[in-house]
Amino acid sequence: MLIAMPSAPIAAKVDWRIDQPGQANRGEWTGKRRVTLLSAAPRWFAKVTLPPIIGEAQALDWRAFVVDCDGIANSFRVIACEREQIAGAIDVRVRGAGQGGHSLATSGWGAAGLKLKRGQFITLGEQLLMLNAPVVADANGQATLSIKPYIRVVPTDGAAIEVKRPYAVMAMSDPKNGWDVGIGQNYSVAFDCEEAF
């Protein structure tokens, strides 16, 4: 089940990591190294750390959230950017069925020009994906995106793409989660989570 993270206080820090599994083999005679990537296996990981929370009343929503996660069972959205990546009324969609891999044809970008930069994110079908090249829309508001990691769930034609506030669908990495409280009702909350769309 997807549950909502509390809106306040917002995280003081989110440490992002991506696991991109592969197998390396080295030739006995040549010493050459060959790597086989497991293209459908990458996952995002994050460590979410809240600022100090003073007072039990201010910590209640976060305490409830930690328990509502039911250990590793329930998922939640972690926003992957600090502010909206793009302004204006746009409605970006998948253009064409059956797309996978590292490329995605899209429409709905509005006027022609640069829309997003390499290193920014999109969310497609609950998958967090990073742009591997700038997004430049043509005169019809269409653009082909270059993305990583690999699209792991093939989207339908016309599926919505989140480009303003992309997120990762995550779940706790450990079934044991909680909070710390010190003198003066000084609460601290931090947890590790991993992609779970």
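## A tour from a strand pair to the charged side chains

Start by selecting I53 and Y187: Y187, in β17, is the bridge partner of I53. Strands here are DSSP runs (E, at least two residues), helices are DSSP runs too (H or I, at least four residues), and both are numbered from the N terminus.

Before moving on, note that this is a predicted model, in which local features need pLDDT of at least 70, side-chain atom pairs count only at pLDDT 80 or more, and totals for chains, interfaces and linings use all residues. Residues are numbered from 1 along each chain as its sequence is written, and side-chain values use heavy atoms, leaving out hydrogens and water.

**Stop 1: the sheet**

Now select residues 186–188, which form β17. This strand and β5 pair in the antiparallel sense over two bridges; two strands pair if DSSP finds at least two bridges between them. Add β16 and you have an open sheet of three strands, in the order β5-β17-β16, with antiparallel pairing. Its edge strands are β5 (53–54) and β16 (180–182), each pairing on one side only. Strands of a sheet pair through backbone hydrogen bonds, either parallel or antiparallel.

**Stop 2: the salt bridges**

How many salt bridges does a search of the whole structure find? The search finds eight, where a salt bridge is a side-chain nitrogen of Lys or Arg within 4 Å of a carboxyl oxygen of Asp or Glu.

Select E56 and R63 next: their side chains meet in a salt bridge (3.1 Å, N to O). E56 is partly exposed because its relative accessibility is 33%. Buried means under 20% relative accessible area, exposed over 50%, and partly exposed in between (1.4 Å probe, protein chains only).

Then go to E126 and R77, a salt bridge whose closest N and O atoms are 3.2 Å apart. E126 lies in the loop between β10 (121–124) and β11 (127–131), while R77 is in strand β6 (residues 75–79), so this pair ties together parts that are 49 residues apart in sequence. R77 is partly exposed, at 36% relative accessibility.

Your next selection is D91 with R93, also a salt bridge, with the closest N and O atoms 3.2 Å apart. D91 is partly exposed at 46%, and R93 is partly exposed at 31%.

**Stop 3: the whole protein**

Finally, zoom out. The protein has one helix and 18 strands, and its C-alpha atoms fill a box of roughly 60 × 55 × 25 Å along the principal axes. Of its 197 residues, 35% are buried.
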